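Me: Please go through the fold of this chain with me, one question at a time.

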Amino acid sequence: MKQFVKSFPFYIIFFLLITGCTHLPSTQERLASATKLAEDAGWTSETISTSYFDLQAFIPAQRLKNTRLTVFIEGDGLAWISRSQPSTDPTPLNPVSLKLALAYKSDDAMAYLGRPCQFTAHDQKRCTQKYWTSHRFSEEVIIATNEAITALKTMTGASEVQLVGYSGGGAIAALVASRRDDVTRLVTFAGNLNTTAWAELHHISPLSGSLNPADAVSGLQGIKQIHFVGEHDRVIPAEIVESFQRLLPPTADSQIIIIPEADHRCCWQQVIKQMK
């Protein structure tokens, strides 16, 4: 299996080289680190059961009651540990979307949602490797995420939703948004919005068990969209998002914003502070 070969994050490769692959933080350690980040900001942990997976969520301990719920969806996490070897645990070492959620200042009701099999070591029976490689955007992943968002909406009493996704979380956000009638805005950061074009660009095998957000544009054309792209992002460059944008009708309220000096990882927390 060779997905994500050329686009594998350099900082992960560097981390593995300097540690000699002798130790990666366990799922429990990564969960503890994310939980501390959340708790330091006054958020609390929730586990949301769905038809397919248990999903890790964080929400403010003091739940703001607002018409709109903003949900931040995590990226692909540690899906691979080498250029050819998938990870046994996709829990992120650096939960970018969680950091974005904690940095976002808004009166909205707020929530963070991890991806299937991230942070949930107890869910091993359902968490097979395909769900963070070839099937990372599969039908069951989208259904589970959609159910979790509905549960969060019920918990917060919101009537509408804003979905925000980083990297692969942007693909999830777009696919979920295309199925709902309560999403008022879709925001992505370095979002993988055309997985076919992405695989072709990097000369890697396609995500055979996954859905492609570019095939769901008919369900997105009425939703306001903002797609932030790093000027120096080689993992998901502007051309991937532009190929998605071209599929939308000219009347669609969708814009691409190129962030100078930013790459795939840096520095989205500064950008989120500017988001209204």
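**Sheet, helices and cores**

Me: Which residue in E8 is the bridge partner of His 227?
Reply: In this predicted model, E7 and E8 pair in the parallel sense over 6 bridges. Strands (E, at least two residues) and helices (H or I, at least four) are DSSP runs numbered from the N terminus, and two strands pair if DSSP finds at least two bridges between them. Val 229 has Ile 258 as its partner in E8, while the partner of His 227 there is Ile 256.

Me: What is the average pLDDT of the protein?
Reply: Residues are numbered from 1 along each chain as its sequence is written, and side-chain values use heavy atoms, with hydrogens and water left out. Local features need pLDDT (the predictor's confidence in each residue, from 0 to 100) of at least 70, side-chain atom pairs count only at pLDDT 80 or more, and totals for chains, interfaces and linings use all residues. A score of at least 70 is reached by 90% of the residues, and the average pLDDT is 90.

Me: Over which residues does pLDDT stay under 50?
Reply: Where pLDDT is low, the predicted coordinates should not be read in detail. The model has 44 contacts (heavy atoms within 4.5 Å) beyond four places in sequence for the stretch concerned. That stretch, with pLDDT under 50, is residues 1-21.

Me: Which strands are at the edges of the open sheet?
Reply: The sheet has 8 strands in the order E1-E2-E4-E3-E5-E6-E7-E8, with mixed pairing. An edge strand pairs on one side only, and here the two are E1 (43-49) and E8 (254-259).

Me: By what angle are neighbouring strands of this sheet turned against each other on average?
Reply: Axes are lines fitted to C-alpha atoms, for helices over the stretch in contact, and angles run from 0 to 180 degrees between N-to-C directions. With direction ignored, the average turn between neighbouring strands is 20°.

Me: Through which helix does the chain cross from E5 to E6?
Reply: E5 (residues 160-166) and E6 are parallel, joined by 6 bridges, and Tyr 166 stands opposite Phe 189 in E6. The crossover is right-handed, meaning that, with the strands pointing away from the viewer, the path from the first strand over the helix to the second runs clockwise. Residues 168-177 form the connecting helix, H5.

Me: Which residue in E7 is the bridge partner of Arg 185?
Reply: E6 runs parallel to E7 (residues 224-230), with 5 bridges between them. The chain gets from E6 to E7 through H6 (residues 195-201) in a right-handed β-α-β crossover. The partner of Arg 185 in E7 is Lys 224.

Me: How many residues of H5 are buried?
Reply: Buried means under 20% relative accessible area, exposed over 50%, and partly exposed in between, using a 1.4 Å probe and protein chains only. H5 lies across E3 (68-73), E5 and E6, at about 150° to E5, and its buried residues pack against H4 (139-156) as well as those strands. The helix is largely enclosed by the rest of the structure because its buried residues number 10 of 10.

Me: Which helix gives the most to the largest nonpolar core?
Reply: A nonpolar core is a set of buried Ala, Val, Leu, Ile, Met, Phe, Trp, Tyr and Cys residues joined through side-chain atoms within 4.5 Å. This one has 55 residues, and Leu 163 is one of those touching the most other members. Contacts of Leu 163 beyond four places in sequence include Ala 173, Val 176 and Ala 177. With 7 residues, the top contributor is H5.

Me: What is the relative accessibility of Gln 129?
Reply: Gln 129 lies in the loop between E4 (109-113) and H4. Beyond four places in sequence, Gln 129 is in contact with Pro 86 and Ser 87. It counts as partly exposed because its relative accessibility is 35%.

Me: Which residue does a cis peptide bond join to Cys 266?
Reply: Most residues other than glycine have a negative phi, and most peptide bonds are trans. Here omega is about 5°. The partner lies in the loop between E8 and H8 (268-272), and the residue joined to Cys 266 is Cys 267.
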